[in-house]
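Hi,

Here is the structure I promised to pass on. Have a look at it first, and my notes come after.

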Amino acid sequence: MSFSDEEVERYARHLVLREIVGPGQQALRAARVLIVGVGGLGAPAALYLAAAGVGALGLADPDTVGLSNLQRQVLFGVDDLGAPKVMAAAARLAALNPHVEVTPLDLRLDEANARELVAGWDLVLDGTDDFATRLNVNRACVGAGRTLVSGAIGRWTGQVGVFPGRPCYQCLVSEAPPDAETCAAVGVVGALAGVIGSMIALEAIKLIAGAGEPLAGRLWVYDALAGEARTVRLPADPACPTCGVGADAWPRSRLDGAGQSRNFFR
Ligand SMILES: [Zn+2]
């Protein structure tokens with residue numbers, strides 16, 4: 001399907017990029033992306049993916065907009081206080097790009113609903129702030145054969161990783177740490193959410209357009225106070241309960257090919 005004149009102008013800066021051009025922009029328009037957690041990370045990620053012309057965006061979050069969210073959750077304004085985040089977000093994204101079909105999902109992803117929910121989308125972004133949800137999202141992605149783009153922030157540091165199957169997120173975080181820090185308790189600098197939220201959107205755009213090298217099997221770690229970033233290799237954990245030997249929640253053929261194949265999307 002060709003683009004209208006309005007779309008050609010809207011996406012002009014993509015259409016001249018050698019790694020995107022017409023086919024990449026078509027792929028973006030055909031893509032269905034689920035964003036789990038519409039907070040500090042999900043807000044900028046949703047804005048950039050909607051602006052980029054991703055055809056369908058699912059937003060999953062059970063929370064309402066609170067005043068302390070506005071320090072970093074750039075989707076929202078004072079008029080949204082008290083409103084469900086996914087509804088406020090859907091209105092803001094529709095105003096930004098009416099070509100995007102936004103599905104607000106006013107719910108928390110849990111063990112019972114994650115697999116079915118994830119299976120309805122091509123790619124999943126996780127910007128949630130609790131490990132139980134992250135592990136549920138990861139398990140559902142591995143089970144449904146969907147690539148997971150994961151971002152995390154706290155205080156002045158952030159990290160980004162892409163998990164096409166094996167290694168999976170649980171190879172990195174084997175279980176929810178009992179003493180896990182939360183941003184509510186220890187704080188987070190707002191602009192860092194913009195950096196990491198934009199990074200997960202950027203990795204998603206690369207995956208969908210087939211541009212460059214995704215951060216698969218690697219973790220990008222950013223220390224904002226030091227002004228330094230490093231990329232570390234992530235080994236697969238053979239004993240991982242989600243993707244390791246003996247785990248049965250995933251299609252083995254896909255995982256075994258994930259390291260060689262460039263086909264990380266869908
Ligand atoms: Zn694993």
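Below is what I found, beginning with the metal site and moving on to the nonpolar cores.

A word on conventions: this is a predicted model, with local features needing pLDDT of at least 70 and side-chain atom pairs counting only at pLDDT 80 or more, while totals for chains, interfaces and linings use all residues. Residues are numbered from 1 along each chain as its sequence is written, and side-chain values use heavy atoms, with hydrogens and water left out.

The zinc ion has Cys168, Cys171, Cys240 and Cys243 as its protein donors, each through SG, at 2.3 to 2.4 Å (donors are N, O and S atoms within 2.8 Å of the metal, or 3.2 Å for Na, K and Ca). Angles among the four donor atoms run from 91 to 127 degrees, making the site tetrahedral (for four donors, all angles between 85 and 135 degrees). Along the chain, the donor spacing reads C-x2-C-x68-C-x2-C. Both Cys168 and Cys240 are buried, that is, under 20% relative accessible area with a 1.4 Å probe, protein chains only.

Next, the largest nonpolar core (buried Ala, Val, Leu, Ile, Met, Phe, Trp, Tyr and Cys residues joined through side-chain atoms within 4.5 Å). This core holds 50 residues, and Leu49 and Leu125 touch the most other members. Beyond its neighbours within four places in sequence, Leu49 is in contact (heavy atoms within 4.5 Å) with residues including Val33, Leu57, Leu125 and Ile205. A second, separate core has 23 residues, among them Ala60 and Leu105.

Best wishes

Notes:
Four donors count as tetrahedral if all angles lie between 85 and 135 degrees; four count as square planar and six as octahedral if opposite donors are over 155 degrees apart and all others between 65 and 115; anything else is irregular.
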